[in-house]
Amino acid sequence: MTNSAGARSSLRHRMIMKRIGILNGGGDCPGLNAVTHGVVGAANTLGWEVVGFRDGFEGLLPPGDYKLLKRSKTQGILKLGGTILGTTNRGHFSSKQGAGETVGIERQLIEDAKKTIHQLGVEALIVVGGDGTLSTALQFQRAGVPVIGVPKTIDNDLQATAMTFGFDSAVSTVVDALDRLHTTAESHKRVMVVEVMGRHTGWIALFSGIGGGADIILIPEIPFHYSSIAKAIRKRESEGNHTTLVVVAEGAAPEGGHQSVESNEGAGEYRLGGIGDRVACEIERLTGKETRSCTLGHLQRGGSPTSWDRVLATRFGVKAVHLIRDGCFGHMVSYQSYQVGSVPIEEAVEKLKLVDPNGEVVGTARAVGISFGD
Ligand code: F6P
């Protein structure tokens, strides 16, 4: 380390933080409580207090909706699904609208939130969220609030981190469902179409499809043709396979077609949904095979985190506190090459992390005979 780097580093270590804040934003996912547990544990070890804001950024609006979190009060939450703090993916601070366009948060709202932060003596804020929440966090950072981001989402669609916590739990729930759906589909020699979440990316569909033994996987990154899906099913029939399991990501669409939007009411992003039913209808029409569709919906976000997500979330929470200790504000915790490090929040939110249609994972799926309907 150079002298000036050493001086900077020791200066950072001399910063004495008394109180930090934490909030969740966006849709919930398994592991949020494990992050809170990690943050409170690491902060208390340094002698700091933690204020937990309720319902995302909404809890910052005056007079503030918050609770003091202590290690004694967060014991046992590590394994719990949901979040003891609450969250929202709508409300005043939604920085993503419609099909995912970024919008600026009203300046006055941020100023009001800053008042709460200052009045409580909160010196830095840990924001746990996906791309929408972290885009809002960036606007707070630019308005002078020292912020650290923690990447959360079952969709795993954030750039600059190989994984978000919540993804493994969601995939594991889907794989469990596929195992069950397989048995009933086999009994009836049916086609079973399973719609999964993931918004504009196919990570959940791809990983759960491979793990759950799907025959066809449809993802937004690879536009599909109904005729190719029907062809793959007929081929399976001719080979004596009378059951086909199709996993379709909610954001998938046919070549030249549009995503299926379930609802575009209210603030925030459109809600995707309905593609599973459409695919099932078309399969039945084109192949004559009895076909059923099943939408897993919010089951994918519920329940306890897997052991992987518990550990990852704990590492993220502890790292977030250590980034505050080191004065690395405006950074997001990131998982790369088996290590937890950090990147500027800008890098994480500039665009979504998509599945590479020519990448190794898609190649693995194709190698074992999975069709992408292309
Ligand atoms: O981003 C997480 C996610 O579960 C997406 O996969 C899904 O499209 C969306 O949230 C559902 O949001 P809501 O909870 O508003 O229905």
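Where in the chain is the place of P63? P63 sits in the loop between strand 2 (49-53) and strand 3 (66-69), and the peptide bond leading to it from P62 is cis, with omega near 10 degrees. Helices (H or I, at least four residues) and strands (E, at least two) are DSSP runs numbered from the N terminus.

A word on the ground rules. This is a predicted model, where local features need pLDDT of at least 70 and side-chain atom pairs count only at pLDDT 80 or more, while totals for chains, interfaces and linings use all residues. Residues are numbered from 1 along each chain as its sequence is written, and side-chain values use heavy atoms, with hydrogens and water left out.

**The overall fold**

The chain has 12 helices and 15 strands. Its C-alpha trace spans about 70 × 40 × 40 Å along the principal axes. For 374 residues, a compact globule would have a radius of gyration near 21 Å, and the 22 Å of this chain agrees with that. That radius is taken over C-alpha atoms, and the globule rule is 2.2 Å times the number of residues to the power 0.38.

Of the 374 residues, 53% count as buried; here buried means under 20% relative accessible area, exposed means over 50%, and partly exposed is in between (1.4 Å probe, protein chains only). Contacts are heavy atoms within 4.5 Å. Among contacts between residues at least 6 apart in sequence, 74% join residues at least 24 apart.

**Salt bridges**

Side chains of opposite charge can pair when their charged atoms come close. A salt bridge here is a side-chain nitrogen of Lys or Arg within 4 Å of a carboxyl oxygen of Asp or Glu, and a search of the whole structure finds 20 of them. One of these joins R301 and D28. R301 lies in the loop between strand 13 (291-295) and helix 10 (307-325), and D28 in the loop between strand 1 (19-24) and helix 2 (32-45), so the pair ties together parts that are 273 residues apart in sequence. R301 counts as buried at 18% relative accessibility, whereas D28 is partly exposed at 22%.

Three of the pairs are set out here, with their N to O distances.

| Positive residue | Negative residue | N to O distance |
|---|---|---|
| R301 | D28 | 2.9 Å |
| R292 | E290 | 3.0 Å |
| R366 | D374 | 2.8 Å |

R292 is partly exposed at 34%, and its partner E290 is partly exposed at 36%. R366 is partly exposed with 37%, and D374 is partly exposed with 44%. Elsewhere, R107, E111 and K114 are linked in a network of salt bridges.

**A buried serine and two exposed loop residues**

S260 lies in the loop between strand 10 (244-249) and strand 11 (261-263), and it is buried, with a relative accessible area of 1%. Leaving aside neighbours within four places in sequence, S260 is in contact with residues including E250, L272 and R278. S260 and K114, a member of the network above, are 146 residues apart in sequence and 39 Å apart in space, C-alpha to C-alpha.

The loop between strand 14 (331-336) and strand 15 (339-344) holds S337, and Y338 is found there too. S337 has a positive phi of about 50 degrees although it is not a glycine, and Y338 has a positive phi of about 70 degrees, also without being a glycine. S337 counts as exposed at 62% relative accessibility, and Y338 counts as exposed at 68%.
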